[in-house]
Every structure is written in structure tokens, then in C-alpha cells.
Amino acid sequence: MTEKRIVITEFGTVAYPDPCKNIFSRFFTYFKGVEVTDNCLVNIYPIGEDFYACTETNFITKINPDTLETIEKVNLCNYVSINGMTAHPHIEQDGTVYNIGNCFGKNMQFAYNIVKIPSAQKDTSDPIAKSNVVVQFPSSERFKPSYVHSFGITEKYLVFVETPIKINLLKFLSSWSITGTNYMDCFETNEKMGTWFHLATKHPGEYIDYKFRTSAFNVFHHINCYEDEDFIVVDLCTWKGYEFVYNYLYLANLKQNWDEVKKSAMSAPQPEVRRYVLPLDVYRVEPGKNLISLAYTTATAVMRSDGTVWLDPEVLFSGPRQAFEFPQINYRKHNGKDYTFVYGLGLNHFIPDRICKLNVKNKETRIWQEADSYPSEPLFVQNPDAQEEDDGVLLTIVVNPGAAKRPAYLLILDARDLTEIARAEIDVIVPVTLHGMYKA
């Protein structure tokens with residue numbers, strides 16, 4: 001606001017150049033380092049006794065959870081070897097935080113580090129200062145890491161899905177300060193790669209060098225992962241194919257009339273909720289035969305002659321241009337463990353217009369929907385006396401732009417059947433949100 005221009009390049013928006021600098025000045029500014037955004041608008045999570053807002057760069061922002069006042073900007077690069085970290089960390093029961101970010105590995109080749117931040121310290125010191133790298137996953141391409149939005153975790157294992165959506169780092173570094181490149185300009189797809197699944201143990205952190213492969217898809221959100229016998233079950237919100245879904249989410253596309261929005265969505269990658277199963281023993285049967293013996297899933301894994309294990313999924317939910325996204329489970333009790341229910345935001349041709357509940361065991365669904373109402377990610381809050389997995393409520397912010405008064409409200413739904421319990425209306429327009437958390 002002071003400069004009356006965008007001064008930091010964002011995901012899809014290029015910063016306006018300083019009118020006082022010519023191209024040569026901007027060129028030399030580049031050598032001082034790329035200025036990365038600290039616009040922490042994606043999620044909020046706890047570290048120790050504190051709360052941090054985050055985006056997908058190396059910056060997180062400590063906030064006052066009562067007033068939302070900004071307290072401190074933290075550069076994670078000062079503590080661990082990463083270029084940035086996701087906005088979807090995993091928080092264990094004791095408060096330990098796990099997250100993933102790309103980094104420079106051996107021989108200047110890109111890799112992905114799993115970072116562990118310990119729980120609150122007895123001496124009240126900052127847990128971030130005691131962060132460490134647990135394990136490193138290799139990258140399929142030396143100078144082009146994949147875009148990573150989330151990862152999976154079980155009680156004993158870490159799961160990383162490497163998609164064909166690549167970040168061209170050479171383009172990123174060479175163009176950033178000279179030609180005004182934003183993040184989106186640096187994405188490209190590897191049409192021949194398919195999708196790779198990586199696996200590692202948590203304690204100790206050791207990479208398991210199995211070559212799990214499957215067809216190309218985009219993935220932003222992991223639903224859950226868990227161990228069953230000698231298998232890892234991985235449930236994901238996927239988008240079929242190698243084309244980047246974000247290409248269809250430019251504001252200009254979404255501002256078109258409804259018929260044009262639907263037409264654009266028809267050619268976009270199609271969404272599916274999928275279940276993949278990774279065998280922990282890839283030699284349990286002879287090559288060419290299905291390695292998966294779990295009776296409740298049709299997912300398969302087959303060792304091929306080249307040593308790769310080809311994975312075919314079971315589809316848990318699929319509807320034409322109907323996405324099940326922004327998934328939430330009873331995280332406290334079932335993250336990394338066997339579970340039954342997942343809640344999500346229903347996207348109708350990319351437009352969020354419903355709250356969904358999916359039973360991953362029998363594939364039954366329930367829906368909450370209201371005309372001209374656009375909800376956000378549903379947050380599950382468990383009943384303190386709950387005996388059942390879905391005994392609790394869902395919290396979602398709903399925008400109703402056509403309302404004469406009070407165009408937004410907090411909606412509270414019964415998590416068992418999605419019936420409305422209450423709503424709290426406000427006289428302020430609220431933008432559709434991304435992610436958040438419930439704080440008691």
C-alpha cells in the first residue's frame with residue numbers, strides 16, 4: 001500500500017517493477033537473492049505452544065491465536081535445509097510436527113526433505129530451533145522438482161507422491177528478476193514420467209528403495225494413509241492426467257459466465273478419490289502377479305520385469321466434473337490409522353457448492369447443499385464424549401453473495417448426517433477460504 005504497487009511476486013501475480021530501477025538495476029538485484037513471498041494465507045498450525053500461519057515458501061508467521069496479531073516472521077531456512085515447505089504438515093498426538101519441502105541434495109541434485117519439529121520443550125525453548133531432517137527422498141529429475149502440496153504419514157511410515165507437475169528451477173532463477181516471471185510461469189509437465197510413490201520409515205528415517213509407479217495424475221491433498229498387515233493403504237484426492245489443474249483456476253476463467261466455466265472444466269483433468277495400496281514386501285509373489293491380498297480393496301500392485309511395481313487404484317468416488325476436495329477426517333483419532341469417514345468440499349466444475357461425506361468402506365455419500373451458497377473446507381470437531389468416529393460437528397464458512405443482508409455465515413452441521421445444527425450470520429462479505437483449524 002505504501003509503494004502503491006505489488007512489490008512481491010505471488011503465485012500467479014508478477015510484482016510491478018520499481019519505476020526507479022532500469023533493467024540493469026533489476027539484473028543486479030537478482031544476484032542479491034530472489035525475494036520470496038511471506039503472504040501466509042494458506043493454513044494455520046501449532047508448533048509447541050504457539051500458532052503459525054503459513055504458505056508454501058520458507059516463511060511462516062507466528063500469530064496471536066486470540067487477536068490474530070502478527071508476532072514474528074520466521075525463516076525456516078535458518079534451521080533446516082529446505083527451499084520451502086508445504087502448508088499441510090502432520091501433527092502427532094504429542095505435538096511433534098512433520099513436514100516436507102524440496103532442497104538441494106547430493107551433487108547439487110534436487111531432493112525432498114522430511115523435516116521434524118519436536119513438541120513443546122520443558123525448558124520453554126523454541127521447538128523450531130531443534131528441527132531436524134528425518135529422511136530425504138530423491139527427485140526423479142535433477143533440476144526439476146515436482147510440485148508438492150501435501151504428503152502421507154502412518155504410525156511407522158512416510159509416504160511421498162511425486163507427480164509429473166514440475167517446477168523448472170532454471171527458468172525460475174533466470175527469469176524471476178529480469179523478465180518478471182511468477183510461480184505459475186515456471187510450471188511444466190513431464191508427459192512421460194507418470195507418477196512415482198516413495199516410501200520411508202519414520203524411526204529411524206530410512207528411504208525404502210522400491211520403484212512404485214502408476215499413471216499420471218495431479219494430487220494436492222492426501223486424505224489418509226494407514227498400515228494393514230504388510231501393506232500401506234493410501235487414499236488421495238486425484239485429478240487424472242499430467243496437465244496442471246491450476247491452469248484452469250485463473251480468475252479470468254472463473255469470472256466467465258456459467259456456461260463458459262463448465263465448458264472450460266470439460267477439458268480439464270477429471271477428479272477422482274482413489275485408493276492405492278503399497279506392498280511392504282514386493283517379492284512376496286512372483287513377478288506379474290498381484291501383490292495385494294487385502295480382501296476389501298480392488299487396488300493392485302504388480303512387479304514388472306524392469307523391477308518397477310505398477311500400481312492400479314480402487315476408485316472410491318467419481319462423478320462427472322464433480323470433485324471431492326479439501327478432505328478432512330477425524331484427524332486426532334484416525335490420522336495414520338484405519339478409518340471409515342472423510343468429509344470434503346464438493347466442487348461443481350471447480351465451483352464449491354456443497355459439503356460431502358464419504359464412507360470409504362462402502363462408498364456411500366451424503367451431501368449438504370443450499371441454493372446460491374458456497375461453502376469452504378469443512379473442519380471436523382469431535383464430540384468430547386464420542387464413541388463413534390463420526391460423532392462430532394463440521395464447521396464451514398459459507399458465502400451467500402446474493403443475500404440482501406448478512407452475505408456470509410458460519411455453518412455448523414452434524415457430522416453424522418450433515419443436518420444443520422446452527423448458523424451464525426454476519427454482515428460482512430467473506431472470501432471463500434482455503435484451509436484452517438479448530439482451536440478449543
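This report describes side-chain contacts in a predicted model, taking salt bridges, cysteines, aromatic pairs and charges over rings in turn.

## Salt bridges

The predicted model contains 18 salt bridges. One of them joins the side chains of D338 and K361, with a distance of 2.9 Å from N to O. D338 belongs to the loop between α5 (331-334) and β22 (341-348), while K361 belongs to the loop between β23 (351-359) and β24 (365-368), so this salt bridge ties together parts that are 23 residues apart in sequence. Both ends of the bridge can also be described by their accessibility: D338 is partly exposed, with a relative accessible area of 40%, and K361 is likewise partly exposed, at 48%.

A further salt bridge brings together the side chains of D353 and R354, at 2.8 Å from N to O, and here both D353 and R354 are buried. In another bridge, between R416 and D414, the closest N and O atoms are 3.1 Å apart. R416 is partly exposed, with a relative accessible area of 45%, whereas D414 is buried, with a relative accessible area of 12%. Salt bridges can also share partners, and in this way K240, E272 and R274 are joined into one network.

## Cysteines

The structure holds zero disulfides, and two of its cysteines may be looked at individually. C40 takes part in no disulfide, and the nearest cysteine sulfur, which belongs to C54, is 6.7 Å away; since a disulfide requires sulfur atoms within 2.5 Å, that separation does not meet the cut-off. C40 counts as buried, at 16% relative accessibility.

For C225, the closest cysteine sulfur is that of C237, and the 12 Å between the two sulfurs is too far for a bond. C225 is buried as well, with a relative accessible area of 2%.

## Aromatic pairs

The count of aromatic pairs in the structure is 25. Among them is the pair formed by Y147 and F244, which is edge-to-face, with 5.8 Å from centre to centre and 70 degrees between the planes. This pair links distant parts of the chain, 97 residues apart: Y147 is found in the loop between β8 (132-138) and β9 (152-153), and F244 in the loop between β16 (231-240) and α3 (251-254).

Both rings of this pair belong to buried residues, with Y147 at 8% relative accessibility and F244 at 3%. Y147 and F244 are also members of a cluster linked by ring pairs, which contains F11, Y147, Y183, F187, F220, F244 and Y246.

## Charges over rings

Lysine side chains also meet aromatic rings in this model, as two examples show. K73 lies over the face of F59, at a distance of 4.5 Å from the ring centre. In the other example, the charged end of K357 sits over the ring of F341, at 4.2 Å from the centre of that ring.

Conventions. Residues numbered from 1 in each chain as written. Predicted model: local features only at pLDDT ≥ 70, side-chain atom pairs only at ≥ 80, totals over all residues. Heavy atoms only, no water. Salt bridge = Lys/Arg side-chain N within 4 Å of Asp/Glu carboxyl O. Helix = DSSP H or I, 4+ residues; strand = E, 2+ residues; numbered from the N terminus. Buried < 20%, exposed > 50% of the residue type's maximum accessible area, 1.4 Å probe, protein only. Phe/Tyr/Trp six-rings, centres within 6.5 Å; stacked < 30°, edge-to-face > 60°. Lys NZ or Arg CZ within 6 Å of the ring centre and 35° of its normal.
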